[in-house]
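I opened this entry to record what I looked up, starting with one residue and then turning to the nonpolar cores.

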Amino acid sequence: ACTVKAIPQSEAIIVSVIDTGMGIAPEDLHKVFEKFQQVGDTLTDKPQGSGLGLPICKQIVEHHGGTIWVESQLGRGSNFSFSLPIADAIDVRPEKISIDILVRQLKESFLQAESSSPDRPKTILVVDDDENIRTLLRQQLEPEGYKIREAKDGVDAINQVKREKPDLIILDVMMPQINGFDVAAVLKNDPQTLNIPIIILSIVEDKQRGYHLGIDRYFTKPVNAEELHNNIAFLLSQGTSKKKVLVVDEDASAVNTLSEVLQAKGYSVTEASNEQECIDKALAVKPDMIVVNSLLSQNHNLLKTLRFEKGLENVFFVLLTGEN
């Protein structure tokens, strides 16, 4: 049996998931939030999966300023709990910045990115447990001028990406130890690797799950080579995974200025001019970042409304002021 409880406190809310299962031995408690770790008696518990669910939960909770922990008694069950700060009690608020400063910073970073990108071969990491597939992709892509690295499984892929980031990843799903979906979840939940474009190339037909994780393209085998090459070239021309930004301001001129700069930098931009339009488009587009006029946000409590909408929990907010 499993019970879920939520207890509000003065500055936080604590959510607990309590089960009456086998429990966890004291010496194993410190392992449960480590990647690729599974605990329990393999003869009776038969643990399954990749050992990434709790580490990903830990990353998400800590990203929102919370903490996560576990209490357990062997043979009686476990209590997994996490705390999240209540919005009114959070000291760290979205930074307010003037539109002129934001535009200048975006333009400067765009120029720096252009000047700091040497003319070097783009590196593609091919991840597949089938050596024949890796060889085939190498033979197809090296003549196009790409530098190809190979990973034989998901663990190997994650280790390689941590050591030296590729420009793009081609990823299989059905692999031993850790499947491609879990690899994508790890990389897309890490700020250091979330911008690396990922193409899933697999016999598994589950595009919705792939795109929900944040991957950029999903092809099922066998794939048309020309279509694959065209999409690789397009994603690499973007520099990183194309991020979605929602710009919200009643001033049409300010929206147009920001949109032009963001689009030139490779972002996908959606515009809104009022509270309801912002909410509707945020729910439809699921942006990675919302740039919103601070006065509009304060008047309509937009941040609090959007923070609690499903699918918008991880959105990054930038508040704009009218000051120069």
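I count two residues as in contact when heavy atoms lie within 4.5 Å. On that basis I listed what Thr-270 touches, not counting residues up to four places away in sequence, and found Val-245, Leu-246, Val-247, Lys-281 and Val-285. The model is predicted, and I noted that local features need pLDDT of at least 70 and side-chain atom pairs pLDDT 80 or more, while totals for chains, interfaces and linings use all residues. Residues are numbered from 1 along each chain as its sequence is written, and side-chain values use heavy atoms, with hydrogens and water left out.

I placed Thr-270 in strand E12, residues 268-272 (strands are DSSP runs of E, at least two residues, and helices runs of H or I, at least four, numbered from the N terminus). Thr-270 counts as buried because its relative accessibility is 19%, where buried means under 20% relative accessible area, exposed over 50% and partly exposed in between, with a 1.4 Å probe and protein chains only. I also noted 7.6 Å between the C-alpha atoms of Thr-270 and Lys-244, which are 26 residues apart along the chain.

Next I looked up the largest nonpolar core (buried Ala, Val, Leu, Ile, Met, Phe, Trp, Tyr and Cys residues joined through side-chain atoms within 4.5 Å). It has 22 residues, and those touching the most other members are Leu-125, Val-127, Ile-169, Leu-171, Ile-198 and Ile-200. Strands E6, E8 and E9 and helices H4 and H5 each give two or more residues to this core, and H5 supplies the largest share, 5 residues. Apart from it I found another core, of 16 residues, including Val-248 and Leu-303.
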